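Reader: Can you walk me through this one? I'd like to talk about strands and helix packing.

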Amino acid sequence: MAEHGPLFEALVYLGASMVFVPLASRLKLGSVLGYLIAGCAIGPFGLGLVRDVHAILSFAEFGVVLMLFLIGLELEPRRLWSLRRAVFGGGSLQMGVCGALLAGAGMAVGLPWKGGLVAGLALGLSSTAIAVQTMRERGMLNAPTGATAFSVLLFQDVAAIPLIAVVPLLAPAPGMGSGVAGALRVAGAIAAVVVLGRYVTRPLLRIVARTGLREVFTGFTLLLVVGIAEIMAAAGVSMALGAFLAGVLLAGSEYRHALETDVEPFKGLLMGLFFVAVGMSIDFGLLASRPLEIAALVVGLLIVKGLALRALGRALRVTRVDRWLLAALLAQGSEFAFVVFGVASQAHLLPGAWDARLTLVVALSMACTPFLLLVHDRLARRRGVARPEETVEDDGSPVLIAGFGRFGQIVGRYLFASGVRATVLDHDVDQIEILRKFGFGVFYGDAARLDLLQAAGAERATVFVLAIDDVETSVRTAEVVRQHFPRLRIVARARNVSHWVALRKLGVEQIERETFESALRSGRQALQHLGVGPYEARERADRFRRHNLAALEDLMPRFEDELARYSASRAGRQQLERQFADDKAALDRTVGVAWSGEGGRGDERLPARSQEAPDDAG
C-alpha cells in the first residue's frame, strides 16, 4: 500500500464495509461479524489491499476510546457509585475465577508460571467493544442482564491498567521505569483528568458554545477526548479508561447531550474500522500451519470461560434464562489483550511464538461471538424457552421542552411546580447557566437534531413542548419530531398565524399563539371597563376564539393566496359581527345582568364588531 495514499485506503475500508456489513446484517449475523469479514477480505491474508495492519489497529483503537467516553457520559458519579457492588464485587469475582482457570490451562499447555499468569488474566478480559455493540443492537444495554455484563466489563477495563503494569514488574525490561515511579505517573494522570473535567472543561465548553458554530464545538469535543487520551497514554494508563473517567465527570454537565451527539458519528466509524483491523490482524498463515492447535486453543478458551461465566451467573444475580446469554456475550478475548501480549513479548514472558498464537486466538474468539449468540438464540427457541421481557430502566423524563426562553420557562415552571419532571433543551449558553443555578435541568443543544432528541429520551417521552422562539427552527424541529417520533404528543408555541399554519400543516394539533390569549384577556378587561359585564365579556372572548380558529382551519389550504386571505378576512368579520349581535340579544333575554351586576346593559354603547383578521398579527 506504499504507492497508495490515505484516500485509497479509506475507499478500501468503506467499500469493504458497505459490502459485508449489510450482508451480515441481512443474514442476522450482526454488524460486528460483517466488519471482521471485511477485514479478513482486504487484509494481508486476503486480497492484500492493506498491509500495515498494526498502524491501522493502533489508530482504530481510538474508536474504543470514544465508546468509553460516551459510556461515561451516561453514568453520573452518583449512578456509578450505586453500581459499585456490581462493578467491584461481580467484576472482581469474574476476573478472579476466569483468570485462575485460564492461567492453570496455560501452564498445563507448557507456559511458565509467570507467562501462564499473565496470559490467563489477559484472556480473562472480555471485549468491551463487541459486547457493548451487541447489547446495543439487541436493545439490552439498560436491561438487568445488560447492566450486569456492563458492570463486569467496566471492572475489566479498570483491571487492565494494573495488569499492564504488572507485566514489567514480573520481568523488568529496559526503559520500563520503577514501579513506584509508574504508580506516581498514573496517580498524577488521573488527578489531571479529574481537575480538567471538573474545573476547566465546562468553562471552556461555555466559551466554545457561545460561538454558535457547531463545527467548532465538535472540534473541541474531539480535542478534549484526544487530549485526555494522550495524557493517560503518556502515564502508561489505558486511554479508554481516561476517556471513561472524563465522560463520568461531564455526565452532569448541561453539554452532555451535545457531546454525545457530536462524538457518536466518529465513534461509529472508528469502531467499525477497529473491527476491520481486528479482522485484518488474523494471521491465516499461522492458522494454516497449526490449524488443530489454534482451533483447540480457541475452543478451549470459549469453553472454559463460557462455563465459568455460566456458573457465576447466580452469584452475579443473572436470571437462570439469561446465564448462557451472559456466557455467550463475554466468552471472547479483549482488545486490551493485544496490548498485554505485546508488553509480555517485550518482557520475554511468553516463550517462542506464544504471543502471536494468543493474539490470533483472541481475534478468532472475537469473530466467534456472533455465532455463539446465534447458537444460543436457536437453542433457546428449540427448547421453547422464552426470555422474559427486559425491564428497561427508564430514567428519562415524560416531558421534553425545546426552548427555555420567556415562553418555555413559564411552561417549565408550571410543570415543575406540579411535580412533573422535564428535560429541557436550549442553545443559549448564558441562559442555561442562570437557569441551572436555580435547579433546572437544562441541556445545551439544537433540538432540531435527531441524534440529540434520541439522546434526550424522545423515544420514551410522552409530551414534547415546542417553545422555540425562532420560527424556522421551530418548524424544522416539528418536522423531525413528527417524522421520527410519531407517538410523541406535541404542544407547540406559535409566534404568529404564519407559524401556526406551518405547524398545523405538519399535523401538530395543540398550538398556542404566544400573544393571542393574553391579547384576548386584555380585550375582555377593556370591555369590562367600558361597562360590559364579566360574563358577557368572557362569552364574547370564547366566541371570538372559536370563530378565529375555525376561520384559520378553513383558510389554511389557501393561506399562501393573499387575495383569498383578504376575502376570507372580510367575510369572517361580517359573520362574527352577526354572531355577536345574536349572542347579545340572547343574553339580554336570559341573563339580564352580568355576573357582578355592575355592567348592566351599558355595552349597548359599543358596536359588536371585530377587527381581527387571520394575518401575522396574532
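Author: What follows is a short tour of the sheet and then of some helix contacts. Keep in mind that this is a predicted model.

Reader: Start with the sheet. What is the strand order, and is the sheet open or closed?

Author: The sheet is open and has 6 strands. The order is 3-2-1-4-5-6, and the pairing is parallel.

Reader: Which strands stand at the edges?

Author: Strand 3 (442-444) and strand 6 (510-513). Each has a single partner strand, so one side of each has no neighbour in the sheet.

Reader: How many degrees of twist from one strand to the next?

Author: The twist averages 20 degrees.

Reader: Now strand 1 and strand 4. How many bridges do they pair over?

Author: Strand 1 (residues 399-402) and strand 4 (residues 463-466) pair over 4 bridges, in the parallel sense.

Reader: Which residue in strand 4 stands opposite Val399? And which opposite Ala402?

Author: Val399 faces Val463 across the pairing. Ala402 stands opposite Leu466.

Reader: And on to strand 5. In what sense does strand 4 pair with strand 5?

Author: Parallel again: strand 4 and strand 5 (residues 489-494) pair over 4 bridges. Val465 has Val491 in strand 5 as its bridge partner.

Reader: What unit do strand 4, helix 21 and strand 5 make?

Author: They make a β-α-β unit, with helix 21 spanning residues 471-484. The unit is right-handed.

Reader: Which strands does helix 22 lie across?

Author: Helix 22 lies across strand 4, strand 5 and strand 6. Relative to strand 5, helix 22 runs at about 160 degrees.

Reader: Stay with helix 22. At what angle does it pack with helix 24?

Author: About 60 degrees. Helix 22 (residues 497-505) and helix 24 (residues 534-555) have their axes 11 Å apart. The two are therefore oblique to each other. Their crossing is right-handed.

Reader: Which residues make that contact?

Author: From helix 22, Val497, Trp500 and Arg504. From helix 24, Leu549, Leu552 and Glu553. The residues of this contact between helix 22 and helix 24 divide into 4 nonpolar, no polar and 2 charged.

Reader: Change of topic. How far apart are the axes of helix 14 and helix 17?

Author: The axes are 9 Å apart. Helix 14 (residues 291-312) and helix 17 (residues 354-382) pack at an angle of about 60 degrees.

Reader: Why is that pair called oblique?

Author: Angles under 35 degrees count as roughly parallel, and 65 to 115 as roughly perpendicular. The angle of about 60 degrees fits neither range, so helix 14 and helix 17 are oblique to each other.

Reader: Is that crossing left-handed or right-handed?

Author: The crossing of helix 14 and helix 17 is right-handed.

Reader: Which residues meet there?

Author: Helix 14 brings Glu293, Ile294, Leu297, Val298, Leu301 and Leu302. Helix 17 meets them with residues including Trp354, Arg357, Leu360, Val361 and Leu364. The contact of helix 14 with helix 17 has 11 nonpolar residues, 1 polar and 2 charged.

Reader: Last pair. At roughly what angle do helix 7 and helix 15 cross?

Author: Roughly 135 degrees. The axes of helix 7 (residues 128-138) and helix 15 (residues 323-330) come within 9 Å. Helix 7 and helix 15 are therefore oblique to each other.

Reader: Which residues are in contact?

Author: Ala131, Thr134, Met135 and Arg138 of helix 7, with Leu325, Leu329 and Leu330 of helix 15. The residues of the contact of helix 7 with helix 15 split into 5 nonpolar, 1 polar and 1 charged.

How values were computed. Residues numbered from 1 in each chain as written. Predicted model: local features only at pLDDT ≥ 70, side-chain atom pairs only at ≥ 80, totals over all residues. Heavy atoms only, no water. Axes fitted to C-alpha atoms, helices over the stretch in contact; angles between N-to-C directions. Parallel < 35°, antiparallel > 145°, perpendicular 65-115°, else oblique. Left-handed = near helix turned anticlockwise from the far one by under 90°. Contact = heavy atoms within 4.5 Å. Nonpolar A, V, L, I, M, F, W, Y, C, P; charged D, E, K, R; others polar. Pairing = 2+ DSSP bridges. Right-handed = clockwise from strand over helix to strand, strands pointing away.
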